[in-house]
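Me: Got a model to go through with you. Can you load it up so we can chat about it?

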Amino acid sequence: MKNYYIIRTRYNVDDFVKESRVAVGWSDIDFTKYTDNQDRLLEEVKKHYYSGDDMSPNIRGRKLGEIKRFINIQKDDIIIVPSYRSFYIGYATGKFEYDQSSHDIDLSNQLIVDFKKDENNEPIPFARDGKNTALTTKL
């Protein structure tokens, strides 16, 4: 069964989409090194980013949940990426990569996505206008 995920890339959304990628942060830790041990990855992230006594357990849990959802994306899951006044739709390839060159913007942990493309092989941005309000408010 396919799952649906909304992935919000914080910077350069259109550029990442053109490169067939979505990206998340926590760039000090390479998620691809933990593909066989999700619990160890979550412990490393918790220790590195969320270990302070002043860290709210709710925020810590929410952030670790975001990572868990990201790393559990499977091949052919549907990915929705919001962009300014539009969104992109694609299928996950199941291939994760770590891109050191995106460390400065904290977007090194990446997933390759096969986005819907037009006849010029450019990703198609779907306009938010006229779409279901329940969908567009989530984007």
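**S108 and the core**

Reply: S108 sits in the loop between strand 4 (86–98) and strand 5 (109–115); strands are DSSP E runs of at least two residues and helices H or I runs of at least four, numbered from the N terminus. This is a predicted model, where local features need pLDDT of at least 70, side-chain atom pairs count only at pLDDT 80 or more, and totals for chains, interfaces and linings use all residues. Residues are numbered from 1 along each chain as its sequence is written, and side-chain values use heavy atoms, with hydrogens and water left out.

Me: Is S108 buried or exposed?

Reply: S108 has 0% relative accessibility, so it counts as buried (under 20% relative accessible area; exposed is over 50%, partly exposed in between; 1.4 Å probe, protein chains only).

Me: What does S108 touch?

Reply: Leaving out residues up to four places away in sequence, its contacts (heavy atoms within 4.5 Å) include V24, S27, E97 and Y98.

Me: New topic: which helix gives the largest share of the largest nonpolar core?

Reply: That core has 26 residues (buried Ala, Val, Leu, Ile, Met, Phe, Trp, Tyr and Cys joined through side-chain atoms within 4.5 Å). Helix 3 gives the largest share, 4 residues.

Me: And which residues of helix 2 meet helix 3?

Reply: Q38, L41, L42, V45 and K46 in helix 2 meet R60, L64, I67, K68 and I71 in helix 3. I67 also touches W26 and F31, among others.
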